[in-house]
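Let's take a relaxed walk through this one, chain by chain. Have the viewer open and follow along.

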Amino acid sequence: MASTTPTQIDTAPPVTRSGGSSTGRAGDKIFAGLSKGSGILLLVIMASIAVFLTYRASIALSKNEGNFLTTFDWNASANPPVFGIAVLLFGTVVSSIIAMAIAVPIAVGIALFISHYAPRKLAAPLAYVVDLLAAVPSIIYGIWGALFLVPQLNGLNLWLDEYLGWTYVFDKTQVGVARSLFTVGILLAIMILPIVTSVSREVFLQVPRMNEEAALALGATRWEVIRMSVLPFGRSGVISASMLGLGRALGETMAVATVLSPSFLISGHLLNPGGGTFAQNIAAKFDEANEFGRDALIASGLVLFLLTLLVNGAARLIIARRKDFSGANA
Amino acid sequence: MKLQRKNMLRASALGALVVSGALVLTACGSDDNTKTADGSAKPSAAAAGDIKCDDAKGKLLASGSSAQKNAIELWIKNYMAACSGVEVNYKSSSSGEGIVAFNQGTVGFAGSDSALKPEQVEESKKICTGGQGIDLPMVGGPVALGFNVAGVDKLNLDAATIANIFNDKIKKWDDEAIKKLNPGVTLPSTAIQAFHRSDDSGTTENVTKYLKAAAPDAWPHEPAKKWAAPGGQAASGSAGVAAQVKQVDGAIGYFELSFASAQGIKTVDLNTGAAAPVPATGENASKAIAAAKIAGTGSDLALKLDYTTKAEGAYPLVLVTYEVVCDKGNKAETLPTVKSFLNYAASDAGQKVLLENGYAPIPAEINTKVREVINTLG
């Protein structure tokens, strides 16, 4: 950050000199100052969030009687406080993985359809409709999920239990409606669909025309064109899009809190009601928590913060490694 | 680029349409609510005549328990109609939040489903200079056990059976224990789906206190705001539990009576050992609260409820919510308003409003003491 700004200032004067006006120089300085300020402001905001979370979390962690990483309980407002994030971490990661597994292939399919297959008259409205999904507030998804999706998924759950019960994962051992991590994953998949779709669509539309025409000239079918030029070019874009979606899935609060039947148990039986996620747990416990209980919730928030940083960092690494082959530099 | 901008415009226009549609719908929803509240409330001119405004003035902030939300809102409405120039604002969030706000000194009084804990009293001494926080029982109410079992309209249960249902010991509706309590009722073999609160809640604390007191053998868990029993399913808030019970066949769950009546959910009659099973009503809850003893010391009027009462027509699964105030050291600018408002709430007119709205009035004997304490607030 600090190293790039001086070079901007250094390169600026020759431009203004050729313009010959002194007001331009002042404008450059103001602009450089403003952009530098904005950059620093962002760092300050991030740092203050991290400091706040760490400080409040450390208060809670120092008094925790349980093991923060392995305790299967959340009794932070009790005396003595006992709480741990194992269940939340498991639930957050599992529901997000389910969401990604469902949403990414569908999103890529929609994006390819809109960008390469659909007739123009259909492509535009379809794109609006997908984008519109993003405009629906998450509490509406929550209400829809609880009142419509959950009853609808009961049948699917029983079907999965009957035919795929041997997989353990789909073995439903507990009676109860489908207010499970699996249902949450499906709901999250619907919620992250628009962001993954629209970013992928933009990337697919930017595939150099020449690449596609060259492939066509070699006698490739449309599918081969997509496989040989569109997908390799778009890969890093699709990964970034997925990471944006994953970010939303990890942090989704109200929809999960409304649909899930939370309990502090880790179970591989994904169709059973139960489990929990970081954001859902914070939403559910915050109201009644005393000041110390809130610190404990903030500690769990810090873990979510680190988790998202980690995911984003990993995504950047993947993209950086693949950039050379993406064709974006061609 | 141009096309894209157009897309966005159109998308946002559609989005706005959806959002405004949702707003219109929610607006309708809240309209309905006030209508039902009005229909049964009827703030009468006579009630307004009983309100003494004294030196009340300015703005009074309060916050806390959502269980007493409807009661407080009716009081505020009547009170503000009688005393012009006074504004009382109750933010219904939760007991915990109310007490936190009270101990930070941001509200004149807090509403709470459970009495102050010793450490909270200790904390309150910082805000109440020369005094401490005290509990004034102001609103009572039955906690209903709502059920949804196809073909069953009336259900009697005793504390031990309820404990076993929520403990995951009784799994089917045609279990022998339930059959024995309900002769002549055809019970299906539907699986029982017991719903409890997923958030920490004063309602949960009251229900578990009742189970622990009335069926100690069947209920081994300590009463707490957090649900401790294994099994069952959780939902957020009383409204969330009620919605699940309404939706799921074979469900049973607990919530304040008003949620059951609002959604037409059938409620369990409690078999307390009295001659006849007791249905959940405001009057029956009042009869049970009458058996309560004052457990607080000095001007603190925290109640110890008798959950094992066998009195005829007394519904022992009750919730008493308190207003938390400073006995001494209230803020000078809000003290007259706090006294005058609470005086109205504890008055006969104020307590009568409760019965008309599914709550239970505080029995006269305790209520007299509450009024005495209010007049000594400083």
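What follows goes from chain A to chain B and then to the charged pairs.

**Ground rules**

This is a predicted model, in which local features need pLDDT of at least 70 and side-chain atom pairs count only at pLDDT 80 or more, while totals for chains, interfaces and linings use all residues. Residues are numbered from 1 along each chain as its sequence is written, chains are lettered from A and ligands numbered from 1 in the order in which they are written, and side-chain values use heavy atoms, leaving out hydrogens and water.

**Chain A**

Chain A has eleven helices and two strands (DSSP runs numbered from the N terminus, with H or I of at least four residues for a helix and E of at least two for a strand). Going along the sequence, the pattern reads α-α-β-β-α-α-α-α-α-α-α-α-α. The C-alpha trace of chain A spans about 75 × 55 × 35 Å along its principal axes. Of the 330 residues in chain A, 44% are buried; buried means under 20% relative accessible area, exposed over 50%, and partly exposed in between, with a 1.4 Å probe and protein chains only.

UniProt, in an unreviewed entry, lists residues 39-61, 81-114, 126-150, 180-200, 249-271 and 296-319 of chain A as "transmembrane region". UniProt positions are in the numbering used here, feature names are shortened, and annotations may be inferred rather than shown by experiment. The unreviewed entry also puts "domain: ABC transmembrane type-1" at residues 89-315 of chain A. Here is how some annotated spans look in the model:

| Span | Helix | Strand | End C-alpha distance |
|---|---|---|---|
| A 39-61 | 100% | 0% | 33 Å |
| A 126-150 | 92% | 0% | 26 Å |
| A 89-315 | 78% | 0% | 19 Å |
| B 56-348 | 33% | 23% | 20 Å |

Which residues make the nonpolar surface patch? A:Leu41, A:Leu42, A:Ile45, A:Met46, A:Ile49, A:Leu306 and A:Leu309 form it, covering about 620 Å². Patch members have over 30% relative accessible area and no salt bridge, with like charges joined within 9 Å and nonpolar side chains (Val, Leu, Ile, Met, Phe, Trp, Tyr) within 5 Å; areas come from the Shrake-Rupley method with a 1.4 Å probe, and for residues only the protein chains shown count as cover. Helices H2 (22-63) and H11 (291-322) of chain A each supply at least two residues, and H2(A) gives the largest share, five. A:Ile45 sits in H2 of chain A and is partly exposed at 41% relative accessibility.

Now look at helix H8 (residues 222-251) of chain A. Its 30 residues put the end C-alpha atoms only 38 Å apart, short of the 44 Å of a straight helix at 1.5 Å a residue (the expected span is 1.5 Å times one less than the number of residues). H8(A) bends by about 50 degrees at A:Arg235, the bend being the angle between axes fitted to the seven residues ending there and the seven starting there.

**Chain B**

UniProt places "domain: PBP" (unreviewed entry) at residues 56-348 of chain B. Helix H12 (residues 335-346) of chain B reaches 16 Å end to end, close to the expected 16 Å. Nine of the twelve residues of H12(B) are buried, so this helix is largely enclosed by the rest of the structure; B:Phe341 and B:Tyr344 are among them.

B:Asp54 has a positive phi of about 45 degrees and is exposed at 58% relative accessibility. B:Asp168 has a positive phi too, near 75 degrees, and is partly exposed at 34%. Most residues other than glycine have a negative phi.

**Charged pairs**

How many salt bridges are found over all chains? The search gives 16, each a side-chain nitrogen of Lys or Arg within 4 Å of a carboxyl oxygen of Asp or Glu. A:Asp295 pairs with A:Arg56 at 2.5 Å, N to O. A:Asp295 is in H11 and A:Arg56 in H2 of chain A, so this pair ties together parts 239 residues apart in sequence. A:Asp295 is buried, at 5% relative accessibility.

A:Asp73 and B:Lys226 meet in a salt bridge at 3.0 Å, N to O. A:Asp73 lies in the loop between H2 and strand S1 (74-75) of chain A and B:Lys226 in the loop between helix H8 (202-214) and strand S7 (233-235) of chain B, so the pair joins two chains. A:Asp73 is partly exposed at 22%, whereas B:Lys226 is buried at 16%.
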